[in-house]
Amino acid sequence: MQQTLVDGVLAAAMGRGGNYADIFAEDTLIHSLELQDGRVSQTRQVCLHGAGIRVLKGDATGYAYSMDLRRRPLMDAACFAATIGGRESVPVMPAVTGADDELQLPPTQSVVSPGRVREQLLQADQMARDLDSRVVRVKAAVATNSRQLFFANTEGVSYADYRPFTSIVVRVVMEKNGQSQMGYSTRQMQLEPSFITDGVIRQVVGEAVSRTAILFDAIRPEGGEMPVVMAAGASGIFIHEAIGHAFEADFNRLGTSIFSGRLGERVCAADISIVDDGSLAGDAGFLRWDDEGVQHPRTLLVDRGILNSYMHDRISAAHYGVPPTGNGRRESFRFPPQPRMRCTYMMAGEASPDDIIRSVNRGIYAQTFTNGQVQIGAGDFTFYMKQGYLIEDGRLTIPIRDVNIIGNGPQALADIRMVGNDLRIDHSAGMCGKGGQSVPVSQGLPTVLVNRLVVG
């Protein structure tokens with residue numbers, strides 16, 4: 001019965017001459033609970049239930065969705081998506097039988113114990129205050145997604161998948177001699193809430209407190225162009241923003257990326273390779289299948305300095321005449337997929353982190369960032385660095401804070417002079433926005449030295 005329904009919907013979607021069609025259905029339950037200073041300040045529960053139907057005809061896309069998974073609403077959506085190609089009229093609804101058939105998904109069940117989550121957040125609150133008497137406010141939150149998916153397309157690919165997701169954030173405010181500072185730490189994993197153990201809470205709270213405490217002694221350094229050492233892990237935002245988006249194939253297909261037309265060219269030193277990886281189990285970017293039914297665990301974007309591949313969905317892959325790379329992702333059934341990053345990182349090199357720092361006479365060591373943005377066409381980027389250190393005579397000296405780092409993606413990539421042997425994948429909570437959609441991602445970086453960036 002289920003297969004008959006799916007076949008009928010896909011046939012209706014192809015009824016106006018499409019080249020390809022797929023159906024993406026989900027049933028998602030989202031919980032979040034936030035405590036501020038030991039009291040519940042916000043709680044939320046959201047249900048997402050429905051299916052999106054996509055039809056491709058050349059470069060054109062038809063898309064419609066229904067929050068009702070019964071046969072007739074799905075057929076309505078399929079017929080509407082089929083109207084791509086400039087036709088003005090909506091196709092006539094084909095005769096259907098079994099009008100009460102419904103696409104079945106495994107039921108989502110809450111995997112959250114609100115009482116247990118509240119206990120964990122109270123534990124985080126008390127732990128922060130015990131660590132440092134200067135802590136005056138604590139805000140802590142846990143969010144969980146329980147996501148059941150079903151996918152099928154006209155190429156005979158189908159899958160059912162379960163994608164749990166859990167994140168924790170702890171923010172603290174500290175006061176010293178009338179001065180206030182705020183810091184935070186986060187974790188996110190594609191795992192059940194049980195991943196938040198006592199050990200994880202201790203790590204997150206400890207980072208939040210230590211990152212805040214050091215800000216009392218931090219200065220804003222003088223600006224200018226100088227060497228920047230990116231710390232391993234969280235500095236992976238440099239790869240994500242400055243380079244990663246420009247490697248997404250839709251920007252290159254449309255000629256709006258600074259890397260358009262540069263496949264096969266050298267873009268950086270031969271000791272640099274960059275990967276987009278969906279194979280890291282539990283990682284925020286882990287995908288057994290992407291959101292258009294492709295299994296492609298790992299894409300080598302830069303191979304020893306040579307631009308080797310873009311990140312493709314089915315549309316861009318067809319344009320370039322290559323297989324899709326498993327990067328077709330969507331926020332929910334309400335959206336069509338587009339090329340998106342998963343876990344994007346630079347592979348480890350051979351230099352020791354200490355040697356990298358010792359090689360710099362005067363510069364900065366960048367540790368934590370709060371956000372970043374990039375102009376895809378020009379490749380210009382800016383990051384807001386929350387915390388780091390001055391490097392003076394090859395040593396980390398004075399802590400610094402509230403710094404903008406400005407540069408150009410291709411130029412910064414070409415200006416990398418040393419790559420550390422300490423690759424670390426960062427599991428801090430992060431969502432990537434593009435085209436009105438947000439998806440969870442992660443990134444990683446070994447310690448790297450960028451010879452010239454503007455510090456503001």
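In this predicted model, Met 230 touches several residues beyond its neighbours within four places in sequence: Ser 235, Phe 238, Ala 366, Phe 369, Leu 445, Pro 446, Thr 447, Val 448 and Leu 453. Met 230 belongs to the largest nonpolar core, a set of 42 residues. Along with Phe 238, Met 346, Ile 364, Ile 405 and Ile 416, Met 230 is among those with the most contacts inside this core. Helix H5, spanning residues 237–244, gives the most to the core, contributing 5 residues. Another core lies apart from this one and has 27 residues, including Leu 33, Val 172, Ile 196 and Val 200.

Helix H3 covers residues 114–131, 18 in number. From first C-alpha to last, H3 reaches 26 Å, close to the 26 Å expected at 1.5 Å a residue. Its buried residues are Val 117, Gln 120, Leu 121, Ala 124, Asp 125, Met 127 and Ala 128. Viewed down the axis of H3, the buried residues fall within an arc of 165°, so they line one face of the helix. The elements covering them include strands E1 (20–36), E4 (135–153) and E5 (158–176), together with helix H4 (198–213).

The loop between helix H2 (71–81) and H3 contains Ile 84. This residue counts as buried because its relative accessibility is 10%, and the cut-off for buried is under 20%. Leaving aside neighbours within four places in sequence, Ile 84 is in contact with Val 55, Leu 56, Lys 57, Ala 60, Thr 61 and Gly 62. Tyr 63 is 21 residues from Ile 84 along the chain, and the C-alpha atoms of the two are separated by 8.7 Å.

Methods. Residues numbered from 1 in each chain as written. Predicted model: local features only at pLDDT ≥ 70, side-chain atom pairs only at ≥ 80, totals over all residues. Heavy atoms only, no water. Core = buried A, V, L, I, M, F, W, Y, C linked by side-chain atoms within 4.5 Å. Buried < 20%, exposed > 50% of the residue type's maximum accessible area, 1.4 Å probe, protein only. Helix = DSSP H or I, 4+ residues; strand = E, 2+ residues; numbered from the N terminus. Contact = heavy atoms within 4.5 Å. Expected span 1.5 Å × (residues − 1). Arc of directions from axis to C-beta.
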